[in-house]
Structures are given as structure tokens and as C-alpha cells.
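Student: I have a protein structure in front of me, and I would like to learn how to read its features. Could you take me through them slowly?

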Amino acid sequence: MEQSLNVKKRKVQNIEKESEGPVNKKTKTKVTQNVKESRGKIKSKEKSEVPNKKTKTLTLEQESHNNATLKSKQNNDPRNTVIDCDEAEMLSHIEKIPLKLASNFISLLSAGCTLPFIARYRKEAVDFLMPDRLQELFESYQNVTQLKKKMKSVIETLKKSKKLTQDIEKSIFNARSLSEIDLLYAPLKSHSLSLAERARNLGLESYAIRMLNGEYIDLKSLCTGDEELCSESKVDTHITHILADIIYKDTRVLEQMRKLKEETRFTIQSSRSKNSTKEKENSNKKIDSKSDPETYKLYFEWSCPCHFVKPHQTLAINRGEDEKILSIKVIIPDWFYNKLERYCLTLWKSKHWVCKGLSDAYNRLIKSWLSRQVRSDLTAAAEKEAVKTFTTNLEKYLLTEPIKNRTIAGLDPGFKAGCKVGIINPNGDKVEACTIYPNLRQSSHLDPAVKQLKDLLTKHRVDLIGLGNGTACRETESWLKTHHIVGNIPIVIVPEQGASIYSISKEAQKEHPNMDPNLISALSIARRVMDPLGELIKVDPKNLGVGLYQHDVPPKMLETGLDCTVEKVVSLVGVDINTASQAMLRRIAGLNDGRAKKILAYRQDRGGFASRAEILKVTGIGKITYQQCAGFLRVLGGTEPLDSTIIHPESYNIAKSIAKKIDVNIKDLNKPHFPQLVESKLSGYDINKMSKDLDADVSTLELIIGALKQKTNEGNIISFCRPVYSISVQGVDQLQEGMTLTGIVRNVVPFGCFVDCGIGENGLIHRSKLSGCQTPKLGDRVSVTVIPSTKPKKIQLKLEKILD
């Protein structure tokens, strides 16, 4: 009988593997009709061209997913019910979104869709969610898959160590986070036996269960000659350890703990650590911390309810704890234990043993887990906010408006090392690069650097100067004006953060072989003016000088967020496939470094791409990759006019039908009058009726119509901020309280913004000093007033107004 059941079980597992895994054409195993139909549809989808209609694609993807889910639910094995549970249900529960939306989102990801592609071309399938929200769903989905992997690995490990019981297995399957799995797994992963296991090995488990359920057993009767059972107190202790283990691993108790945790108002306290106090008393002792303890003075005697703790406060106390300056404690209110105790008394009959077992479990296990969980939740929220702040700033920074069709000179100023000059032509190619040595300390008419720079500017007909805002920026600006070098040539102050890091990178050396890194830095500054996006994506985003405690965020988490932001921005702007660099191409949705290299090789061999369809001829670019990247790669002046728009090739037939319906010629797409013509022709049309007539969803029609109405960018218009720094103040030592300055916002954080006033150090406008004005955005020009600072060597500012 048992053998027959095992055979049936293996058959069911084989069916599930087939329905969930890749389709194998040679498989001869008999499966259910639903799985066969799903397999056939997947095969037909692989053989077909890229689908023209989103709804059909989604149906195929969903059906395969739903069939696998159905088979999983039909299996009565609790292991498969939980581990193979519907990911869509878990995502729906965690993110509080409709189940259909979660299922659609997972189906699209499973089909190889990227977030930028979903956000632009599959809007209706995800209820028109914004890219930032899609990113949140994606991160949650990754956590769900990670949780399932963790469950499987823990179960396998416990099986090998022969520590897996049905109760432990059930508890692990019902965990809803990695921390809950750790709570259950931590006492078991050690090679040494836990207190409960030791007690069980003494043969006391059956007695403990009977006692817990209200049966009276005299402890004296359990005493033996064994050293561990020689007295009533020792037996009592062992029984208590078993009961504690049973209670805190019970799935009902775990669920109640989750519920109570959400209802409880915890308090977090910080104080100065004893070690840092001793270090202050003993000045000869080496200090371990990286910072001055006084930096954390605010947190020496600090207490705050957890729901009021700000993200930057969490990151600050975490850093203080890491540097052994602060000691952190989570205060758990007594009512948490009291409510948990009352709940446990409803599950088991013996009040005495329930109270003893729970008390032991609470003091040894639950209390420390709660503290870790509260700290973990605070840190996770703070890190998420830090990444969001970082990426929001980075996105705006990358979208800085370019200044096209100009010959630009980039100046990387310096005192001892001289001023590096890099000149680029309107195509961004290097024209000349050299170093001059101006006398910035003294004004001299005999300075040879004056004539040298003037000759360079005249020789190459420089239209614009990009001046790095680092060391010697203000002195160089004054030197240029004092010697009348610039004349009518405008100056743009360029943030140079990360330029020096990029100049010594492999990518920079590949682009400029055997060139002095200092001169590469000057060329980079010039290109940041001409093409900010194309230049800034070459730099490690951590070195761009924007964000909140970004160096305290786990590098992997930060890099993932930043990669997604850069991909989003590059995809938003779109790139010309015939001119884009490798650094730009590898950021396009669906592409990577290897595919970008192959595109460049094909472009070099064939002299460029004549159409988007030609992308499929590149080795390594299949139909799925083409579907993801095609809408973000533009071909200007090619054989197909629509290739220069954001309209996806899968919608070209719809676009041409719209053009025919409103009587316009697609071949006139790039003519100046075309957008206005489309506007006038569409004035009398109902888009919902058009959607039914053309059998296309409204979001696709809106995207197509928007692309047809889009005007050609005017590349000759200059739009940039002239220097707004106060001429009279050039250093921190010249600042006085009440002084009014002008500057540019370089970083926006939840508690305010940092302003570059051209004095070598950014000043902070705290959110309480915004004077009721709107919070400035990155790049805004502002007028500020210097106010007293509560922190030494920190510049505090008050916002007066945002300048036009």
C-alpha cells in the first residue's frame, strides 16, 4: 500500500515539473490535457513572429502560468501546496494589489519583458502603474522568489541533519518573511544540540505534550539516576525547554505574533556606548570609530516611537552603532507579552505549563527576534528611502538639458597641477587637450597662460566654456574675467563629481588610449555640457555626489536601484542606434554589454542600420530581445519613417491605419508641418471608437498619436544656467550671519536640500527653513540667507526665493 502511494506521488510530482519547467519536445510522459494544451501554445508562440496584439500575448503567458498553478493546488502534499504556491497570490497579499494585476505582472516578467518595456508598451496589463511603482512590485516579487528558495534550502538542510519534524516543516512553510524562517532555523542550524533537542533525547517530549494538554504528571516519577534527570528542578527545566520550543514554533502562535507586532508601538532608544566614553577619558587609547563622537551628540540620550523615526535618523544611529559610539535598544511594551500569553492559554489547557513555556520562549527567543525584526523593518524602510532619494536625484541629474551643436572647452581648474583644458567639436570629438598654468593667486598682466588660452579659444572658435566646480573654480572664474579672456563666450559651471574617477577607469582609457587622465577629465567636463546623459552614465553613480547616506546602503541594493534608474532614463530618452556609444546601448531595455558590442561590430561592418528590422540580423539578438529593445532604439533617415519614433514595430500596422484613417502620409512624418496637421485631423475623432474600429487598446493609440504629434527637437537652442554665485564671497571664511547668497541646488533629501554657493562647500537648507516655499528641485537657482549653525563647520541656510 505504501509503495503504491509513493508511486502515485512521484507521478504527480513529474506532472508538476513538466507543467512548470521548460517544454521538452522529446518528452513522452503522459500529462493532463491542460498541460498539453499549454505546451502546444507555448511552442506555437516560440515559432511565431512577435505578436501584434498585447492581449493575445498576455493570454498565452497567463494560460501557461495558470495551468501550472492549478496542478500545484490539486496536489494535497502540504510541501508542494506551500512551496509551489501561487506567486501571484503572495505578491498580491504583500503589495495589496488585485490578484489579476499580480498575475499579469508575473506573466510579463516570465515572458522576458523588462520594466521600461512594460511601463511604455504594456500599460493596460498593469493598470497604468508608474515606473516607480512597477519597480517596487519587481523588488517584492524578487523577495517572494527568494523566500521560496530559502524555504527549500532550509528544508533540505534539516533533512540531511535529520532535524526535520512535521511541526518544524509546517512552521517553515507558513513563514512569510526571511526573518521568520531565521527565527525557526537559527536554533537548529548549529551542530550542537539545542536545549529542546537535549530534553527530547532524554525521552521527555511525550510527557511535556501531555502536561501542556492538562494531564497531571508527577515530576518525581520522571527522576532517574541520570545526572540530567536526578532532581525535580532539572526535569522541570527540561520540560520547560521542550514546551518553549513547541509554543514558539507553533504556526498559530507565529501568526498571532505577526498580528501583535503590527499593532504594537515599539520605542527605539539610543545612548552613548560605554566604549566611546572610556575612549574619551583615556586619550592615549586608540579610537575605533571613524567619526568624532560629538557628531552623534543628538543621539546620546535619544528616544522615539518607531513609527515616528525618520529614515535619516535610522541610518544615522545604525552608523553610530557600527562605529561603536552608540548603543541601541528596542523597548517592547508589556502588553505584547500579556496578549500573547492570553492567546496561548486558548490553545492549550495547562495554564501553569503554558505560562512557564511561553516565558522561557519569550525571554530566550521571541524578545530578541522582535528587537531584530523591528530594527530590520526600520533599516529596510530607511534603505529603501535612501535608494529612492538617490535615484530621484540621479534621474533629474541624468536628464539635464544638453547643449548641442557647439564647440565647447572644458576647464578642470587647479592650483599646483594647473588648469586642464579639453576642447570638443559639435560632434563631441576631441579637438585639443592641454594643461595651462595660470597665476590664480596674483593678478599679473604678464601671465603667459592668458595668451595661451585666448589663442586656443580663438583658434577653435569656442562657443562655450564648461568650468568644473571643484578646487580653484571661483579663482579660475575670476581670472578669466579679470583678464577679459572670455569676452562674449558664456561660462557654464559644471558639477565635476566623478569626472576624476571616470578618467582613470578602463572605459576612459579605452576611449582615449595613452592619454593623461587629467586631460580626459577636462574632456569629460566639456561633454557633460554637450551630452549630460551620454557622459554621466559612464561614471559609477555612487561618485556623482547625490543621495542620502548612500555609502551606508548595501552596495548590491544601491547598484540594482541605480541600474534600473539609468535604464529607465536612457529608455525614456531613446538613442540613435547609429551614433550611440557602447555605454549607452548596454543600458537599453533588453540589451547588455555583450549585445551592445555586437551591435557596434555590426554597425562598423555594415556602415550603420537602415531600419529597426535590421537589428534582428545582429548575432545574439533574438525575437524576445528585439521586442524589448526595438522601441527604444531609433533609426533616423532610414527606410521606415516610424523607426525614428517611440512607436513599437509591433504597432506599425496600427499607426499606418490611423494615418490612413485621418488622411495623412507617414512619409511626411519628419516634416515641420506634420505634427500640426495630425492635430487638426484628429480633432473630431473619438479615441474610444477608434480603438474598437482598429481592434487596439486605448493606451497604444494614445502612444501612437502622441508620437505622431511630437515636434522635432530644436537642437540649436541653448538653455543653461549662467553662473549665479555671489562675486564678493568666494570662501567659507568670508561668510557672515545674515549674508545673502545665490547658488544652485545640487542634492535634494527628505530633510531639505544642499546648495552650492561657490564657496567650496555645500550649505544645507533644512525643510523648516523653506519659508513656506515649494521645495527646490535639483538644478534650481536659489537665493539664500546665511543663518547660525548648530553644528560646527556646517553651513546652514534659509531659502529666500527660487530664481527664474
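Student: Across which strands does helix α19 lie?

Tutor: In this predicted model, helix α19, which covers residues 448-459, lies across β4, β5, β6 and β7 (464-468), and the helix runs at about 175° to β6. Another helix, α23 (residues 517-530), also packs on the sheet, where α23 touches β4, β5, β6, β7 and β8, and the direction of α23 makes about 50° with that of β5.

Student: What is the order of the strands in that open sheet?

Tutor: A general idea helps before you look: in a regular strand the side chains alternate between the two faces of the sheet. Here the open sheet has five strands in the order β6-β5-β4-β7-β8, and their pairing is mixed. At the edges stand β6 (430-436) and β8 (491-494), each of which has a single partner strand, so one side of each is left without a neighbour in the sheet. From one strand to the next, the twist averages 20°.

Student: How many bridges pair strand β4 with strand β5, and in which sense?

Tutor: Strand β4 (residues 408-412) and strand β5 (residues 419-424) pair over five bridges in the antiparallel sense, and if you want one place to look, Gly410 has Gly422 in β5 as its bridge partner.

Student: Where else can I practise reading strand pairs?

Tutor: Turn to strand β12 (residues 752-756) and strand β13 (residues 763-766), which run antiparallel and are joined by four bridges, with Leu764 in β13 as the bridge partner of Phe754. These two strands form a hairpin with six residues between them, and in the turn Gly758 has a positive phi of about 75°. On β13 you can also find a parallel pairing, since two bridges join β13 to strand β15 (residues 796-802), and there Leu764 stands opposite Gln796.

Student: How should I read two helices that pack together, and what is the angle between α18 and α25?

Tutor: Two packed helices are described by the angle between their axes and the distance between the axes. Helix α18 (residues 351-398) and helix α25 (residues 555-573) pack at about 30°, with their axes 10 Å apart, and α18 and α25 are therefore roughly parallel to each other. Their crossing is right-handed. The residues in contact include Val387, Phe390 and Leu394 of α18, together with Leu558, Leu562 and Val566 of α25. The residues of this contact of α18 with α25 divide into nine nonpolar, three polar and four charged.

Student: Are α29 and α32 roughly parallel or roughly perpendicular to each other?

Tutor: Helix α29 (residues 652-661) and helix α32 (residues 698-709) pack at an angle of about 65°, with axes 10 Å apart, and these two helices are therefore roughly perpendicular to each other. The crossing of α29 and α32 is right-handed. Ile654, Ala655 and Ile658 in α29 meet Thr700, Leu701 and Ile704 in α32, and the residues of this contact divide into five nonpolar, one polar and no charged.

Student: Which phi value does Lys96 have, and is Lys96 buried or exposed?

Tutor: Most residues other than glycine have a negative phi, and most peptide bonds are trans. Lys96, however, has a positive phi of about 55° although it is not a glycine, and Lys96 lies in the loop between α5 (87-95) and α6 (99-110). At 68% relative accessibility, Lys96 counts as exposed, because the cut-off is over 50%. His484 likewise has a positive phi, near 50°, in the loop between α20 (473-482) and β8, and at 63% relative accessibility His484 counts as exposed.

Note on methods
Residues numbered from 1 in each chain as written. Predicted model: local features only at pLDDT ≥ 70, side-chain atom pairs only at ≥ 80, totals over all residues. Heavy atoms only, no water. Axes fitted to C-alpha atoms, helices over the stretch in contact; angles between N-to-C directions. Parallel < 35°, antiparallel > 145°, perpendicular 65-115°, else oblique. Left-handed = near helix turned anticlockwise from the far one by under 90°. Contact = heavy atoms within 4.5 Å. Nonpolar A, V, L, I, M, F, W, Y, C, P; charged D, E, K, R; others polar. Pairing = 2+ DSSP bridges. Buried < 20%, exposed > 50% of the residue type's maximum accessible area, 1.4 Å probe, protein only.
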